[in-house]
Structure formats: structure tokens, C-alpha cells
Amino acid sequence: MSGAALGLEIVFVFFLALFLLHRYGDFKKQHRLVIIATLLAWYLCFLIVFILPLDVSTTIYNRCKLAVNSSPAESNGSYITLAPSSKQKCFKPWSYIPDGIMPIFWRVVYWTSQFLTWILLPFMQSYARSGGFSITGKIKTALIENAIYYGTYLLIFGAFLIYVAVNPNFNLQWNQLQTIGIAAANTWGLFLLVLLLGYGLVEIPRSHWNGAKRGYLLMKTYFKAAKLMTEKADAEENLEDIMEEVRKVSESIKYNHPLRKCVDTILKKCPTEYQERMGRNMDDYEDFDERQNSYPSEKSLAKLHKQVIYSVQRHRRTQVQWQILLEQAFYLEDVAKNESSATRQFVHTFHSQEPENKIVQYFYTPTVEWYWECLLRPWFYRVLAVVLAMFSVIVVWSECTFFSTKPVLSLFAVFIQLAEKTYNYIYIEMACFLTIFFLSICVYSTVFRIRVFNYYYLASHHQTDAYSLLFSGMLFCRLTPPLCLNFLGLTHMDATISHKNTQPTAYTSIMGSMRVLSFIADGFYIYYPMLVVILCIATYFSLGTRCLNLLGFQQFMGDSEMTSDLIDEGKELIRREKRKRQRQEEGENRRREWKERYGNRDDSTRSRAVHTDQKESSFSETNANRPLSKYTRSNGRTERDRIELLQDAEPLDFNADSVNDDPLESDSGRYQPGGRYLSMSRSKIFDDV
């Protein structure tokens, strides 16, 4: 079992990263290099989080071996004992990793992640957003955009090397320069880490607590609907403007123009309906005349190509998000209506458009769904919120006191040291895993939630663009190393914090001794994490949300007049979409009833008419016209009746005053549970038939 735990976690983490990337990325439409680079970045960062507890347990066992080997000892099987008078035993952990494996493993993982975040991923970001029409053009654009980015780092590093070479007091070796580079990267990551951690420690428990409030979730969904509709309309307008520019360019550049291939490349990125519209208006028989017309340059076409890619991606994303938000709003309204149900069976207003799994449908019955959604789920979210809040308090306390070694005030260090005395490796690994997993959830969830206008936005259901995927990989690679160092400091497994001359973990050994930069090791790394208290207080009172609201960025705030107006607007939008969905279902129900009742009868009538025509074809023309006219009138009336029934008869009055769709009020109005309006009863629809 020495290497089995390591192998299992490597495989498990790979599929976990692949699953998350499949949820946010699009394997079919996005470039393979983007998918591979993002997957590798996410995989390495998740791998560090999952493997680090094994490194801690192995280090504790190695420390015990060193303590035993320093005195007369006897070897006995899988553990080592002291002299016969001592009863101390060093049991080998079940997940023990042999010596020499972990240092090589951490070195490969760490330097690969640093290469990705500082060199490869920034270059691929510029390459993915480039509007060039060839690989060479995209590479050239990416190099130009990253010249300032790379040049700044080279300038700082070169100035530092010159200072060290000129100053005789410094005698730095290659290992010390390497440690300085690692310390600089970790300092930048720790600065961002504390900001994200302070937000996640408060927002995650609060979001779960608010998840138990049905009214709160429904109002927030209405608020999101109003904002998303504005963004959706803006995306549609932007797409129309870009398509108009593409149309003008397509009409001006003819088939035999040298830049026509670039125009065809742009047209392939446009939606299908726009491609068909532009194809019908093209006149490929006219030759271009360079003297009469002014044609766009290749640089302007590359800019237009970039705008087309961005506008199409944004339009598609808003369309998908709107449909998802509608389903969420309809479901929350159903939950609000079913809470007062006497039958205790969950009734949906609309059936799911996706086919349900038969196994899930068998166990998750309407009764089970009612008990879970209306009774158990709110209490489950409240209990989970309380547990997460307790974890947050422990983290905040430990972040402010982990530098104290006598007495040990960090609760995580106390838990690990108590387990270390009994060498309970299972408890040590579980405690380490829960601690670093909670820290990772607080930090990574904030990365998934934040949105920098429309430049960085991780959208689920395969709607994240390549730029945002690569940017998230950069953030993960920069945040994970300082996150792990902060975790080792909280548990006093870092010799820089514990001030003990003990064997370090394999992870800290590749970082080098931070004593080269004492002001960072003894100052910034210890006292800067205390700022998490101020950030938690600011997040609790929603200071950031209030500031954004004052700047004009509408945020969900219960005591804001703007929020109330957006909630009312979103509520009306949801009502409108709900009535539209009801009319569509009515039309489908009428078509289904027609096919069930009169489909076979119409087929038999047609067969009899055809047989009669064939039978009477030998008669004279005057005698044959009478029955033919009779059948023609009958069939014509049947066709007219069928056409009338297949048409979607819309209700005359759809005002909000006459139709009550409020889930918190009684379900009164013209709409009946059967899926039809009172003015369209079954007896009146088929009177003509």
C-alpha cells in the first residue's frame, strides 16, 4: 500500500479536473491546446491539495524514525522501537511514500505549474483572442501583446542581478537566487490569496444560510433575470452591429479579391442565419476594382474577426444562461406553491424538457421530492451553514495566532500535535485534508464567482470562453503554492513558523530556506494574513457590494430602491416567459389530441375517396363531376377544420392584472391545471368537427 494511495489520488484528481473542465469548457468548439493547457493547470493545482496530507503523514513518520535512530534502537517488523525500557512505537502509515519520491514529485509539479502561469498561459491567452487568420499572424500578435508583460519582469530581474553583482556585501549563489524567485512568486500569490480567502470565509456560509430562505432565493432570481435581460439585449444589439459590418465587408470584397479568404474565415464564425442571409445577397459575378473602391486592410479584418468571435460567444452565452435562469425561476415558484400542498406531492408547472433517468425517477418520486424540497432541504442548508461558519471562525483565529509557538494557539496545530503523539495517521490525514480542502473551497469558489466585466467570467454549461479558462488556470497556479505554505504554517509543519530544527516536509524542502529574505519570512508571511479579519468584517457588512452599487453597478441589496425596481421588472419578465411557455404547451396538447382522435379517421376518408375516384373513372365526365364535387367539399371542410385546430389560438387578454402567476398567492385565474384556458374547453374546440 506504499504507493497505492498516491496512485489512486493521481487518477481521482485527474477525473475531477476533467469533470469540472467539461462543465465550464466546450470540448467540441474550443481549441485542443486551450483545453489541454487549462486541464493541466487545474489538474496540477488540485493534485497539490490532495497529495499534501500524504506528505505530512510521511514527514511525521520520518521524524519519528530519526528520533528513534538517534538513540539505541531495535527494528521489529514494520515499526521501530526504542530501548526495551521505552514503549514508544513508530508505526508506518498505510499511505507511506518511500524516500526520494516526494521531492521529485513536488519539483516536477511546482515548476511545471510555474512555467504554465508565468510563460505559457499568458501567451496562449493572447493567441486565443487574436483575430489573425494564420498561425504565424496569431503568434506575432501574441508576442507583441506580451512584450510589455515579459519585459517588465526581465527588467526587474536584470536590475536585481546588477545590484547583487556590484554590491560586494552580497554573495548569492544559484540556490539562493532560486529561493528569491520562489519567494517573490509566493508573495504575489499570498497577497491575492488573503483577499479571496477573506471573501470566501464569510460568503460561503452565508450563501448556504440564505439558500434555506425560499423567498430570498426567488427575489434574487428575479433580480438576476432583470440584469440578464439587459445583458442579453445588449449582446443581441452588439451582434447585430457586428454582423452589419461583416455584411458591408462581404459585399465590398468580391470573390477574386486577395482578402476574400479572410472574409470567408470571418463568415464561418458567424451564426448560421446570418450566413444564409449574407449568402443570398452576394453577387459573385462582379470583379473588384482597386481604383474605384477603398477596401479594408488585413489588420482591420483581423480586428473585425476578433470582434465577431467575442460577440458570437457572448450572445450564445446569454441565450443559454437565460434559459437556465428561467428553469430555475419556474422551479422556485413551484416550490413556493407546493409548500402549502395538502397532498404532499410535488407538482411541476412544466415538465422537464430533458428525459429523466428511470432509476432516479423510480426512487425520487413526487412525494420524496416534496419532503426534500419543502421540509428537509432548508434544514440541511441551515445545519451545513452553521458547520461552515464554525470552520470559518477556526480559520480566522488560526490565521491571527499561528505565529505563536509557546503556547500553541492555532487550533489546527493543536489538533495535529495531539494526533502526532499517538501516531494516528488516519486522523492526521483526515484533519489535514479537511483543513486544506476548506481553504481551497473558499479560495477557488471565489475565483469561479468573480467577474471582471466581460473579460473574465467562468460560466457553467460549456459557456466559458478560452480567455477565461486560461486566466483561471493562471490564477490557480499562482494561488495554490502560497495556499499550501499557509496551511503548513497553520499546522506548524513549516520550520520557519515552528522554529524547530526538525525534518521539513518534502514540499517545503523544494521552496528553499526563506531566511535568505528575512523581512519576508519573519514579517510579511506572518503578519499579512491577519488582514483576513478586516476583509471578513467588510464582507459581512457587504461593504464591497455597497461601493459597487454606489458606482452604478447594480448589486442585490434588500434595502435598495434600485433592487426593488429590478425585482419587479424581473418578476414581470418571468411571468411573460411563463405565459409564453403555457401557450406553447397548449398548442402541443391540441396537436396531440387531434392526432389521437382524428388522425386515423382522416386517413380512412382519404383512402375511400381515392378508391371511389378510381372506381368512377370509367363514367362520363358530366356524371363524374357530381360525386367529385361532393367529396371535394367534404375534404376541403375537413382540411379547414384541421388547420383551425392546429393554429395556436392565443388568449385575447394577457394582462398581469387578469392572470395571477405569483407563487406566494392562490393559483386563481383563467389557467387551469389541465394545461388549457377556460375559454378553450374541450367541448367547444371540436364543435365544428
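In the predicted model, helix α3 passes helix α5 in a left-handed crossing. Helix α3 spans residues 101–129, and helix α5 spans residues 174–210. Two packed helices are described by the angle between their axes and the distance between the axes. Here the axes come within 13 Å. They cross at roughly 60 degrees. That angle makes α3 oblique to α5, because roughly perpendicular pairs begin at 65 degrees.

Residues from both helices build the contact. Helix α3 contributes Tyr 110, Trp 111, Gln 114 and Trp 118. Helix α5 contributes Gln 178, Ile 182, Ala 185 and Asn 186. Of the residues in this contact, 5 are nonpolar and 3 are polar. None is charged.

Aromatic pairing was examined next. A search of the whole structure yields 32 aromatic pairs. One of them joins Tyr 540 and Phe 541. The ring centres of Tyr 540 and Phe 541 lie 5.1 Å apart, with 90 degrees between the planes. The pair is therefore edge-to-face, since planes over 60 degrees apart fall in that class.

The two partners were also assessed for accessibility. Tyr 540 has a relative accessible area of 55%. Tyr 540 is therefore exposed, as the cut-off for that class is over 50%. Phe 541 has a relative accessibility of 48% and counts as partly exposed.

Aromatic residues also form a cluster. Tyr 24, Trp 42 and Phe 46 belong to one aromatic cluster together with Tyr 444, Phe 448 and Phe 476.

Definitions and conventions. Residues numbered from 1 in each chain as written. Predicted model: local features only at pLDDT ≥ 70, side-chain atom pairs only at ≥ 80, totals over all residues. Heavy atoms only, no water. Axes fitted to C-alpha atoms, helices over the stretch in contact; angles between N-to-C directions. Helix = DSSP H or I, 4+ residues; strand = E, 2+ residues; numbered from the N terminus. Parallel < 35°, antiparallel > 145°, perpendicular 65-115°, else oblique. Left-handed = near helix turned anticlockwise from the far one by under 90°. Contact = heavy atoms within 4.5 Å. Nonpolar A, V, L, I, M, F, W, Y, C, P; charged D, E, K, R; others polar. Phe/Tyr/Trp six-rings, centres within 6.5 Å; stacked < 30°, edge-to-face > 60°. Buried < 20%, exposed > 50% of the residue type's maximum accessible area, 1.4 Å probe, protein only.
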